[in-house]
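Hi everyone, thanks for making time. I'd like to walk you through one structure today, so please have a look at it before I start talking.

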Amino acid sequence: MATFRLQGSKVLAVEMTGDAVRAKNGSMVAYDGQMAFKKMSGGGEGIRGMVTRRLTGEQMTMMEVKGQGTCYFADRASEINLVRLHGDKLYVESSNLLCTDGGLRTGTTFTGLRGGASGNGLFTTTVEGTGQAAIMSDGTAVALRVTPQYPLSVDPGAYIAHQGDLRQDFQSGVTFRTFLGEGGGEAFQIRFEGDGLVYVQPSERNTVGGDV
């Protein structure tokens, strides 16, 4: 299995000994050793994945990198965060996914109305299995714990990813800026309940459906 490590906070170094990883197309910035690159489509493998991407619009162009040596990945000077999976599933916005172990499975899943608020479609990319994934954020991301006793409400513009046994509920009519009198138009929140982690970034992406 490939070894992921951070070279600073904005470059991912992946050491490979004949194995493969999948990375965002165009994110390779350097490599040593012998590497082979093959362009592929993300959001799910095979015919089912192709149909899902056509229906959902949740697309990400990825490449498979295989070889011996170390490959370095980065994208627009984004901060990089490593997530380890142990047979569980990571839900991540496609624009925030940088790299995964080659053995991890990618797909898409319906996330309800939250996608309509964030403007990224009604579906979110999933990464499942055992291994590591690298996700990106605009600024240093934080992983917030959700427990049955302490649910979490998140601004959709700051949401990156989540993992664990979590339920999410889309709520309209309120956002953090509403309390400050700075909101405009209809506002939204995502509420997470259950047991797991939610990754958020300190910078909000542009959204539709109001000033969130």
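I'll start with the confidence and the overall fold, then go through a few places in the chain.

First, please keep in mind that this is a predicted model. The average pLDDT of the chain is 82, and 74% of the residues score at least 70. One weak stretch is residues 113-121, where the pLDDT is below 50; even there, the model has 26 contacts beyond near neighbours in sequence. Another is residues 207-212, where pLDDT again stays under 50, and for which the model has 28 contacts beyond four places in sequence. So much for the caveats.

Now the overall picture. What does the chain hold in the way of helices and strands? There are three helices and twelve strands. The chain has 212 residues, of which 47% count as buried. As for how the chain comes together, take the contacts between residues at least 6 apart in sequence: 77% of them join residues at least 24 apart.

Let me turn to the aromatic residues. The structure has two aromatic pairs. I'll show you one of them, Tyr159 with Phe192: the pair is stacked, with 5.9 Å from centre to centre and 20 degrees between the planes. Tyr159 belongs to strand E11, residues 159-172, while Phe192 belongs to strand E12, residues 188-200, so the pair links parts of the chain that are 33 residues apart. Are these two rings' residues buried or exposed? Tyr159 counts as buried because its relative accessibility is 0%, and Phe192 counts as buried for its own value of 0%.

Staying with Phe192, let's look at a proline that touches it. Pro151 sits in the loop between strand E9 (142-146) and strand E10 (152-154). Setting aside residues up to four places away in sequence, Pro151 touches Val146, Arg191, Phe192 and Glu193. Pro151 has a relative accessibility of 34%, so it counts as partly exposed. From the C-alpha of Pro151 to that of Leu166 is 9.6 Å in space, with the two positions 15 residues apart in sequence.

Next, the beginning of the chain. Thr3 is in strand E1, residues 3-6. With 40% relative accessibility, Thr3 counts as partly exposed. Beyond its neighbours within four places in sequence, Thr3 is in contact with Ala13, Val14 and Glu15. Thr3 and Gln132 are 129 residues apart along the chain, and their C-alpha atoms are separated by 8.4 Å.

Ala13, Val14 and Glu15 come up again when we get to Thr70, in strand E4 (residues 61-73). Leaving out neighbours within four places in sequence, Thr70 is in contact with those three and also with Arg5, Ala30, Tyr31, Asp32 and Met35. Thr70 counts as buried, because its relative accessibility is 10%.

Follow the chain on from E4 and you reach the loop that leads to strand E5 (79-92), where Arg76 lies. Ala77 is in that loop too. What is the sign of phi at Arg76? Phi is positive there, about 55 degrees, although Arg76 is not a glycine. Ala77 also has a positive phi, near 60 degrees, and is likewise a residue other than glycine. That is worth pointing out because most residues other than glycine have a negative phi. Arg76 is exposed, with a relative accessible area of 65%, and Ala77 is exposed as well, at 51%.

Arg76 brings me to the second largest pocket, which has a volume of about 210 Å³. Of the 14 residues lining this pocket, those closest to its centre are Arg76, Ser78, Asn96, Asp138 and Gln201. Which classes make up the lining? There are two nonpolar, seven polar and five charged residues.

Asp138 takes us to my last stop, Pro202, in the segment after E12. Pro202 touches Asp138, Gly139 and Thr140, not counting residues up to four places away in sequence. Between the C-alpha atoms of Pro202 and Asp138 there is 6.9 Å in space, though the two are 64 residues apart in sequence. Pro202 itself is exposed, with a relative accessible area of 61%.

That's my tour, and I'm happy to go back to any of these places with you. Thanks for listening!

Methods:
Residues numbered from 1 in each chain as written. Predicted model: local features only at pLDDT ≥ 70, side-chain atom pairs only at ≥ 80, totals over all residues. Heavy atoms only, no water. pLDDT = per-residue confidence, 0-100. Contact = heavy atoms within 4.5 Å. Phe/Tyr/Trp six-rings, centres within 6.5 Å; stacked < 30°, edge-to-face > 60°. Helix = DSSP H or I, 4+ residues; strand = E, 2+ residues; numbered from the N terminus. Buried < 20%, exposed > 50% of the residue type's maximum accessible area, 1.4 Å probe, protein only. 1 Å grid on protein atoms, 1.4 Å probe; cavity = no way out; pocket = protein on both sides within 12 Å on 5 of 7 lines; lining within 4 Å. Points joined across faces, edges and corners; volume = space filled by probe spheres on them. Nonpolar A, V, L, I, M, F, W, Y, C, P; charged D, E, K, R; others polar.
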